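Subject: Structure for your files

Hello,

Here is the structure you were waiting for. My notes on it come after the display.

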Amino acid sequence: MGNVFVFDHPLIQHKLTYIRDKNTGTKEFRELVDEVAMLMAFEITRDLPVKEVNVETPVTTAPSKVLAGKKLGLVPILRAGLGMVDGVRKLIPAAKVGHVGLYRDPETFKPVEYYVKLPNDIEERELIVIDPMLATGGSANDAIAALKKRGGKNIRLMCLIAAPEGVEVIKEAHPDVDIYLAAMDERLDDHGYIIPGLGDAGDRLFGTK
Ligand code: URA
């Protein structure tokens, strides 16, 4: 089964409190989400392989380490996923960024991909799917399936907040996918909002209602 990691780092938890606060305005909300995404990226990349190199310092040669060439791909789910991409890219500037936009056909309930643009070598990349809210799990499930359909193999899912219902959907459908969270909340309400959550992440990021 996929693992679920909840990052309890004090800085992440502190910033998440202000992200949740209904009195936090759009600008501050966006900045905090960016910062938490960066801090989460630090934790998520903890297991990246490194290799030994020698570097010439101004004084001598130092045995040192660099990332061992593992290629990364970030895949935000439109639109709220966009709010976390730049924070991750600050730490991993060489990562390529793909985008996935999906909606559910209201009659067939099948996922419709209205926009998919991915790096052409996704099968070689460690992919991080990004969406702030893992609520019912529908979008993340469909986005991960869209990547697998195109050859994606090594996939992780990064969210700010999840509901247990969404986590179960992903664990069931994609047991190979590890899930990284800043918080696991209580439940979904009747409208599919996470309780206590933070409201609509897309609206709060982009100032829409
Ligand atoms: N999407 C959001 O933006 N917020 C929720 O609470 C659930 C889904």
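Below are the notes, first on the ligand site and then on a sheet that shares a residue with it.

Please keep in mind that this is a predicted model.

Ligand site

The ligand occupies the largest pocket. Around the ligand are M133, A135, G192, Y193, I194, G199, D200 and A201. By class, this shell contains five nonpolar residues, two polar ones and one charged one.

Three backbone contacts to the ligand can be listed:

- I194: a backbone N or O atom is 2.8 Å from a ligand oxygen atom.
- G199: a backbone N or O atom is 2.8 Å from a ligand nitrogen atom.
- A201: a backbone N or O atom is 2.7 Å from a ligand oxygen atom.

On its own the ligand has 240 Å² of accessible area, and the protein covers 82% of that.

Sheet

M133 belongs to the ligand shell and also appears in the sheet, where M133 stands opposite I161 of strand 11. The sheet is open and is made of three strands in the order 9-11-13, with parallel pairing. Its edges are strand 9 (133-134) and strand 13 (183-184), each of which pairs on one side only. Strand 9 and strand 11 (residues 161-162) run parallel and are joined by two bridges. As background, the strands of a sheet pair through backbone hydrogen bonds, in either a parallel or an antiparallel manner.

If you open the model, M133 is one place to begin, as a residue of the ligand surroundings that faces I161 in strand 11.

Regards

Conventions
Residues numbered from 1 in each chain as written. Predicted model: local features only at pLDDT ≥ 70, side-chain atom pairs only at ≥ 80, totals over all residues. Heavy atoms only, no water. Near = heavy atom within 4 Å. Polar contact = N/O pair within 3.5 Å; in protein donor to acceptor, adjacent residues only side chain to side chain. Areas by Shrake-Rupley, 256 points an atom, 1.4 Å probe, with all protein chains shown as cover. 1 Å grid on protein atoms, 1.4 Å probe; cavity = no way out; pocket = protein on both sides within 12 Å on 5 of 7 lines; lining within 4 Å. Sits in = over half its atoms within 2 Å of the grid points. Nonpolar A, V, L, I, M, F, W, Y, C, P; charged D, E, K, R; others polar. Pairing = 2+ DSSP bridges. Helix = DSSP H or I, 4+ residues; strand = E, 2+ residues; numbered from the N terminus.
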